[in-house]
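User: Please give me a close look at the charged pairs in this model, and then carry the same reading on to its enclosed and open spaces and a few of its elements. I would like each term to come with its cut-offs.

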Amino acid sequence: MTERVRVAVIGGGPAGLTAAAALAPAVDGDVLVLEREQETGGIPRHSDHPGYGMRDLRRFISGPAYARRLTRSALEAGARLETEAMVTGWAGERTLEVTSPHGRCLVQADAVVLATGARERPRPARLIPGDRPDGVYTTGQLQNLVHLHHREVGRRAVVIGAELVSWSAVLTLHEAGCRTVLMTSEYAKPEAYTAFRVPGRLAFGVHVRARTRLVAINGKGRVTSVDIENLDTGQRHRVPCDTVITTGDWIPDHELARLGGLEMDAATLGPRVDTALATSLPGVFAAGNLLHPVDTADVAALDGRHVAAAILRHLAGDPAPAGGVPLVAEAPLRWVAPQLVYPGGPPPARGKLLLWSDAFRTLPRITATQDGRVIGRIRVPWPAAPGRIFRVPFALVTGADPARGPVRLALD
């Protein structure tokens, strides 16, 4: 069976739901959201603490409330939401293979939005040595166990990582009655904003140890301790605990993009997009943390709102732009999103380029060069730091010449 829709959105998280809500009233035909989980809402659905919706909804609400609100907005706009629907592959141009409790079918769309998000790498992918006991979770697994299944997880936890999501894990552990006895960071100072780090340490008594790494997990049936190494001295010590949370180290859920033959970005590992969030395949767009692993849920939602304009232009028959200029991030910048700009083309969402830095800079200055010529230089009043997105005004690269080579972005 083949179903024909105007727009197919793959992923029912903040980016996908917001895109559907923006498109459904403006499109003549069905806007279908395909979500593999039993409910829409994405990661916020099981992240039961406040801090969601500030940028897109101008609200300060919990993750589950945010997920419900985005779901309601998409339904009220006229989008159709199908849950437990797994997109397993492509059967031609903008034709999706879908498996659900109703069986297998094909969905053919005039436009496709990939909003599949990102995930944390689990312990095996991080190559952490030691025993293989129970009690080791990613943040997502922890939140799922505590908030959706109301399970106990332990009494003493070590959290690997000190970025924003790491503090989210601390909040979840606290709710489950588990004390965080140590948080580790390989960097010279913890990655999270001071506004989160200091209150978190005061409220929960968490000791944050910089320039350290986890080198072994010990225990047979259940975790009994971990071994922590000081990266400067090589000294190791053992920390008794029964729970280990591995946080951060994100990777986009890019399998479907790869199967579709989309051009991928070697740095983000997501599909390569222009400022309108169009991919290398006509009529296929991408949004959210699939493109920038990982930013906050409300920024992913704003991506969904932003991509709607480009999709409407595509549906109206407007030709895709040509002559784009690639953007390349240079170390210690790890990646930039989007990766392609068109002189005279639309700015990216919120007028910002998103970058990831592997180094701390208090008042960073970013320089854009093209064929050795400086085309832009901006100093921004906010810091660049590992573990969080670094935003730069798009004006930095508006002087790009389509007749020249890639624009290279560097921290001075």
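Analyst: Arg404 is partly exposed, with a relative accessible area of 39% (under 20% is buried, over 50% exposed, and partly exposed lies in between, with a 1.4 Å probe and protein chains only). Its partner in a salt bridge is Asp371, with the closest N and O atoms 4.0 Å apart (the term asks for a side-chain nitrogen of Lys or Arg within 4 Å of a carboxyl oxygen of Asp or Glu). Asp371 lies in the loop between β24 (365-370) and β25 (373-379), while Arg404 lies in the loop between β26 (389-393) and β27 (407-411), so this pair ties together parts that are 33 residues apart in sequence. The model is predicted: local features need pLDDT of at least 70 and side-chain atom pairs pLDDT 80 or more, whereas totals for chains, interfaces and linings use all residues. Residues are numbered from 1 along each chain as its sequence is written, and side-chain values use heavy atoms, leaving out hydrogens and water.

By the rule for salt bridges, the count comes to 25. One of them joins the side chains of Arg213 and Glu229, at 2.8 Å from N to O. This pair links distant parts of the chain, with Arg213 in strand β14 (residues 212-218) and Glu229 in strand β15 (residues 225-230), 16 residues apart (strands are DSSP runs of E with at least two residues and helices are runs of H or I with at least four, numbered from the N terminus). The two partners are placed as follows: Arg213 is partly exposed, with a relative accessible area of 33%, whereas Glu229, at 11%, counts as buried.

Strand β15 also takes part in a second pair, in which Arg238 forms a salt bridge with Asp227 and the closest N and O atoms are 2.7 Å apart. Arg238 lies in strand β16 (residues 236-240) and Asp227 in strand β15, so the pair ties together parts that are eleven residues apart in sequence. Here Arg238 counts as exposed, at 54% relative accessibility, while Asp227 counts as buried, at 14%. Elsewhere, salt bridges link Arg36, Arg119, Asp253 and Glu255 in a network.

Strand β14, already met through Arg213, leads on to the open spaces. The second largest pocket has a volume of about 750 Å³ (on a 1 Å grid over the protein atoms alone, a pocket is an open set of points with protein on both sides within 12 Å along at least five of seven lines, a cavity is a set where a 1.4 Å probe fits but cannot get out, and lining residues have an atom within 4 Å of a point; points join across faces, edges and corners, and volume is the space filled by probe spheres on them). This pocket is lined by 32 residues, and Arg126, Glu186, Thr247, Gly248 and Asp249 lie nearest its centre. Two or more lining residues come from each of β14, β18 (250-252) and β21 (333-337), and β14 gives the most, with four residues.

Among enclosed spaces, the count comes to one cavity of 30 Å³ or more. The largest cavity has a volume of about 150 Å³, and of the 16 residues that line it, His292, Asp303, Ala349, Lys352 and Leu354 are the closest to its centre. Helix α8 (297-315) and strand β23 (352-357) each supply at least two residues of this lining, and α8 gives the most, with four residues.

Two further helices can be read through their buried residues. In helix α4 (residues 139-148), Thr139, Leu142, Gln143, Leu145, Val146 and His147 are buried, and the buried residues of α4 pack against β9 (118-120), β10 (136-138), α5 and β17 (243-246) (contact means heavy atoms within 4.5 Å). Just after α4, His150 takes a positive phi of about 55°. In α5, the buried residues are Val165, Ser166, Trp167, Ser168, Ala169, Val170, Thr172 and Leu173, and just after α5, Gly177 takes a positive phi of about 80°.

Finally, Thr95 has its place in strand β7 (residues 95-100) and is buried, with a relative accessible area of 6%. Leaving aside residues up to four places away in sequence, Thr95 touches Gly89, Trp90, Leu106, Val107 and Gln108.
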